[in-house]
Every structure is written in C-alpha cells, then in structure tokens.
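Hi everyone, thanks for having me. I'd like to walk you through one model today, going contact by contact. Have a look at the picture before I start.

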Amino acid sequence: MKKFALAAAVAALVPAAAIAQNIATVNGKPVPKARMETLIQQVTKSGQQQRSPELEAQVKDEVVRREIFMQAAEKAGIPQTSDYKAQMELARQMLLIRGLMEDFKTKNPVADAEAQAEYDKFKAANTGNEYRARHILVEKEEDAKALIAQIKGGANFEELAKKNSKDTGSAQNGGDLDFANPNNFVPEFSKAMTALQKGEMTQEPVKSQFGYHIIKLEDTRAATFPAFDDVKAQIKQRIEQQKMAEFQDGLIKKAKTDHTFSK
C-alpha cells in the first residue's frame, strides 16, 4: 500500500510540474513560460525598462496574444506561402549573423589597457593651447578684401559674419568657432590663426580649399581634456566597433567569391 501511495503521489506531481512551465493554454495548446522569459530578457536588455510585476503582466498578455494570432495564421495556411518562407529565410540569416557578431564581441572584449592606450594617444595629439576664433568665409578674394576694409573702418565683425559668411554653421553665431585645437582646422587656417595675438584679425584673406577666410582671434587657453574614467566607455565602444569592422573585412577578404563589391 505504501508503494502504491508513493507512486500515486509522484504521478500527481508530474502534471503540476508541467503546468508550472506554462503560463496559459490557448485552444488546448500550452504556452511555455520560456517564451515569456525570452521576451522579458529582450525588453530589459537595453536597460530602458526594469523587470517588474507590471512588465511581467504586459509581456504575458503579449505572449498569449501572439499564440492566438499564430494559431490563426497556421490555420489560414500562412506557413506554406512562398512569402512566409522567404521572410523566414531572411530572419534566419539575420539571427545567424547577429549571433556571430555577439560571439565575436564576447570572445574579444576590449581591455581597460587598450582603452587607456587609445586615450593617451589622443590626449598627446591634443595638448598645447586651444584657440577661440571667429571667421568669415567667402568665395572670392575681392569680397574678403572688401569686408576687411569695412571692419577696419568700424564695421562689426560679428554682424558681417552673419550677413556674408557662407559657413552657415558659425555664421549664425557671428562666425564663432568656439575653443578648438589648431589641428582641427585645415593647415592654412591653423597657421594664420595661431600667428595672431588675442583680439587681432588677419590683414589679408586666408585662402583654403573652402574659399577665403577673414580670421579674428578671440582668446586662447591651455587645452582641456576629460578624465579617462569619464570617457572610457565611449573609447571602448569605438575600439569595439573598429575590431568588429576588421573582423568583418577579414571574413570578406578570405571568402572565395566571384562577386565584386561596389565599395
């Protein structure tokens, strides 16, 4: 009798355990809890939402709705259509490629030492002074000379920049380029700007690939640079993107194909 009672108890527990793995049934078909967990992981992965009873309830509703719609689609014969099969193949390709890239990222993490080295290299290239200049950019040299004459005659540099500069990004701010490292500018501009003293303006137009510049130096300061910890995440992300691009290029170069890529 004891053996029979034990067997009956075990038999009674098995269906209950199976039921615990499902969140609902739809037309007699169980909806696995694993689907709900997978969708919750996708939703919370970005960090924009945290797991909560409210989120779980919303996801459960969504999973059950999907099961209802999937059953209706199967009943309508959608899985047998050519369009469905083509879309499924595209989805399979995307999932495979995404999995490959995630696998590469996992196996090739960016170390803090790599980020530090990149930070040090960039910082070394941006030491020295930063310059705050204004400029007016025009197409013709004679136009630049005429504007220089107006400024020397008392005209306001900022107002002339707003009206005449074809660099629309800075023109609306009176030609202000804010503080920047000289290396950020084309050589002709940088050379003319760094030769000025605070408050001075170029006496002749400065020619570059963009046209003719009139440059006024507003101020200088020692170069400022953010702390490593403040930019470490961005640096790691950039290195990760570079590694990923190199990985993809390597696969393409090694592949034997008669196709010629357009780029």
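Okay, let's begin with arginine 51, which is partly exposed, with a relative accessible area of 43%. Keep in mind that this is a predicted model. What does the side chain of arginine 51 meet? It meets the side chain of glutamate 37 in a salt bridge, at 2.9 Å from N to O. Glutamate 37 sits in helix α2, residues 33–45, while arginine 51 is in the loop between α2 and α3, so this pair ties together parts that are 14 residues apart in sequence. Glutamate 37 is partly exposed too, at 23% relative accessibility.

How many salt bridges does a search of the whole structure find? It finds 21. I'll pick out a couple more.

Here's one within a helix. Glutamate 102 and lysine 105 meet through their side chains in a salt bridge of 3.8 Å, N to O. Both are in helix α4, 3 residues apart, which puts about one helical turn between them. Are they buried or exposed? Well, in between: glutamate 102 counts as partly exposed at 35% relative accessibility, and lysine 105 is partly exposed with a relative accessible area of 30%.

Now compare that with a pair linking distant parts of the chain: arginine 134 in strand β3, residues 129–138, and glutamate 158 in helix α7, residues 157–164, 24 residues apart. Their side chains form a salt bridge at 3.5 Å, N to O. Arginine 134 has a relative accessible area of 12%, and the cut-off for buried is under 20%, so arginine 134 counts as buried. Its partner, glutamate 158, is partly exposed at 32%. There's also a network of salt bridges, and that one links Lys29, Arg35 and Glu67.

Right, on to the rings. For any pair of aromatic rings, you describe it by the distance of the centres and the angle of the planes. In this model the count comes to 5 aromatic pairs. One of them is tyrosine 119 with phenylalanine 228, an edge-to-face pair with 5.4 Å centre to centre and 65° between the planes. Tyrosine 119 belongs to helix α5, residues 112–124, and phenylalanine 228 to helix α10, residues 228–254, so the pair ties together parts that are 109 residues apart in sequence. Both tyrosine 119 and phenylalanine 228 are buried.

Then there's phenylalanine 122 with phenylalanine 225: the ring centres are 5.7 Å apart and the planes are at 40°, so we call this pair tilted. It also links distant parts of the chain, with phenylalanine 122 in helix α5 and phenylalanine 225 in the loop between β6 (211–222) and α10, 103 residues apart. Phenylalanine 122 is partly exposed at 47% relative accessibility, and phenylalanine 225 is partly exposed at 27%. Put it together, and ring pairs link Tyr119, Phe122, Phe225 and Phe228 into a cluster.

What lies over the face of phenylalanine 179? That's arginine 221, at 4.0 Å from the ring centre.

Two last stops. On the surface, Ile78, Tyr84 and Met88 make a nonpolar patch of about 250 Å². Isoleucine 78 is in the loop between α3 (53–75) and α4 (82–107), and it counts as partly exposed at 38% relative accessibility.

And from the records: UniProt, in an unreviewed entry, places the feature "domain: PpiC" at residues 128–219. Over that stretch the chain is 35% helix and 29% strand, and the end C-alpha atoms are 14 Å apart. That's me done, thanks!

Definitions and conventions
Residues numbered from 1 in each chain as written. Predicted model: local features only at pLDDT ≥ 70, side-chain atom pairs only at ≥ 80, totals over all residues. Heavy atoms only, no water. Phe/Tyr/Trp six-rings, centres within 6.5 Å; stacked < 30°, edge-to-face > 60°. Helix = DSSP H or I, 4+ residues; strand = E, 2+ residues; numbered from the N terminus. Buried < 20%, exposed > 50% of the residue type's maximum accessible area, 1.4 Å probe, protein only. Lys NZ or Arg CZ within 6 Å of the ring centre and 35° of its normal. UniProt positions renumbered as here; feature names shortened; annotations may be inferred. Patch = residues over 30% accessible without salt bridge, like charges linked within 9 Å, V, L, I, M, F, W, Y side chains within 5 Å. Areas by Shrake-Rupley, 256 points an atom, 1.4 Å probe, with all protein chains shown as cover. Salt bridge = Lys/Arg side-chain N within 4 Å of Asp/Glu carboxyl O.
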